[in-house]
Amino acid sequence: MVPESDVDQIQRYFPTAACGCGGSIFVDPEPRCRHQVFDIPVVRFSVIEHQLFGGQCNGCGKHHCAQTPDSVPSGQMGPNLVALIAHLSGRYHLSIRNIQDYLVEHWQLHFSLGALSQAQAKATSALGDPYRQIGDFVRQQPVAHADETRHFRGNECRWLWSLVCVQACYFLTQASRGKEAADRLLGEFTGYLVTDDYVGYNRVPQSRRQLCWPHLIRKFIDIAGRVSNGGKIGRRLLLLAHAVIRTRHRWQDQLIDEAVYYRRMQRLRRSFHQTLERGARLRIDGRTKRQCQHLLKRESMCWTFLKDHRIPLDNNSAERALRPYVIWRKLSFATQSYQGDQFRPLILSIVGTAQRIGISSYQFIRIACHQSMIEGEVKVRFPFDTPRLATS
């Protein structure tokens, strides 16, 4: 129910004036029931025609022609339409062809696929500064999550990298999955980084890196399925990993106090180390032995969360942030140009960050496009220091 002041039209119904017994009916001052019906108005696009007149000097005969003001867009699309096209891509994962069909069906607007692609390019230009703001903000946070997934340009494989914190998510398309690409993603990041066990993030010291325990659990499940002593090691590691997760949840739910929490974690940590050492001494199962030896070298990264309660045990935040792109990739597959490679991480960063801080992503994009195309300077920024953004 919306407030009565926001209702467009009110229709009031009253009982009959007289009762069946012959008495008069006094009407209550307030309605006993309020029933609201929501509907969508029939809308049509608006068109503004700009006519440029010319003239000729009666003295020298020189021809003159009027110029359009700077506030008039150079193309046929206004800022609201450009924002809608960008939002349909980044938020609802529509392909260019599906956006073309949507504009025809709902707005009777006929634009070519090339024109829609150019609209995305205008949105990329308008949202460049807010996109860089997101990257700078995430790199300054005390805790961040990182992950990557495949990105295709035609038949060529690229990688979409993500760096995520509580309030923002930053995406970057790169040609490789190597250490240099990870360095470009992280920039000057100096906080705690939560990742899987991928070596590309090894630039971050072990003292500032937390491995994802669900990823470790998947490895332990694989080891537990093996025969002989290797399987026993895997089952023991799996048992300890579940105990770590359970102890963390009990502390977060305030079922145990902090002293008990740290005492139990230290006990689990000692058992975890001893189990890895036994696995590293196996003589028959060489694969389990190598995995335990590898994890012993990186064991400290399993327990970084004990240094700061803000560090989670999992990398779910980064994986959830990548999920919309994975869906988009399945629906419309690859980009076909460098422009597309730039647009996708940018619009995903804008939409994902807006959702995290609780503002309208479309209104943010609309404001940025209006300022870029009409006012000539994009001033809108994400309100990371305030709870909400005025989108009017």
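**Charges, Rings and Burial in One Chain**

Tutor: The chain carries 53 positive and 34 negative side chains, and the centres of these two sets are 11 Å apart.

Student: What makes a side chain count as positive or negative here?

Tutor: Lys and Arg count as positive, Asp and Glu as negative, while His and the chain ends are not counted. Each charge is placed at NZ of Lys, CZ of Arg, CG of Asp or CD of Glu. Please note that this is a predicted model, in which local features need pLDDT of at least 70 and side-chain atom pairs count only at pLDDT 80 or more, whereas totals for chains, interfaces and linings use all residues. Residues are numbered from 1 along each chain as its sequence is written, and side-chain values use heavy atoms, with hydrogens and water left out.

Student: How many helices and strands does the chain have?

Tutor: There are 12 helices and seven strands. Both are DSSP runs numbered from the N terminus: a helix is H or I with at least four residues, and a strand is E with at least two.

Student: How do you know whether the chain is compact or spread out?

Tutor: The radius of gyration, taken over C-alpha atoms, is set against a globule rule of 2.2 Å times the number of residues to the power 0.38. For 392 residues the rule gives 21 Å, but the chain has 30 Å, so it is more spread out than a compact globule. The C-alpha trace spans about 95 × 95 × 35 Å along its principal axes.

Student: Why is tryptophan 251 called buried or exposed?

Tutor: Buried means under 20% relative accessible area, exposed over 50%, and partly exposed in between, with a 1.4 Å probe and protein chains only. Tryptophan 251 has 18%, so it is buried. Tyrosine 261 has 1%, so it is buried as well. Of the 392 residues of the chain, 43% count as buried.

Student: What is the class of arginine 323, and what is its value?

Tutor: Its relative accessibility is 47%, so arginine 323 counts as partly exposed. Arginine 323 belongs to helix α10.

Student: How many aromatic pairs does the structure hold?

Tutor: It holds 13 aromatic pairs. Rings of Phe, Tyr and Trp (its six-membered ring) pair if their centres lie within 6.5 Å; planes under 30 degrees apart count as stacked, over 60 as edge-to-face and the rest as tilted.

Student: Why is the pair of tryptophan 213 and tryptophan 303 given its particular name?

Tutor: Their centres are 5.3 Å apart and their planes 70 degrees apart, which makes the pair edge-to-face. Tryptophan 213 is in helix α6 (residues 213–224) and tryptophan 303 in the loop between α9 (286–297) and α10 (316–332), so the pair ties together parts 90 residues apart in sequence. Both tryptophan 213 and tryptophan 303 are buried.

Student: What kind of pair do tryptophan 251 and tyrosine 261 form?

Tutor: At 4.4 Å centre to centre and 15 degrees between the planes, this pair is stacked. Tryptophan 251 lies in helix α7 (residues 228–252) and tyrosine 261 in helix α8 (residues 258–280), so the pair joins parts 10 residues apart in sequence.

Student: What makes the phi of glutamine 108 worth noting?

Tutor: Most residues other than glycine have a negative phi. Glutamine 108, however, has a positive phi, near 55 degrees. Glutamine 108 sits in the loop between α2 (96–107) and α3 (113–126); with a relative accessible area of 43%, it is partly exposed. Serine 228 also has a positive phi, about 60 degrees, although it is not a glycine.
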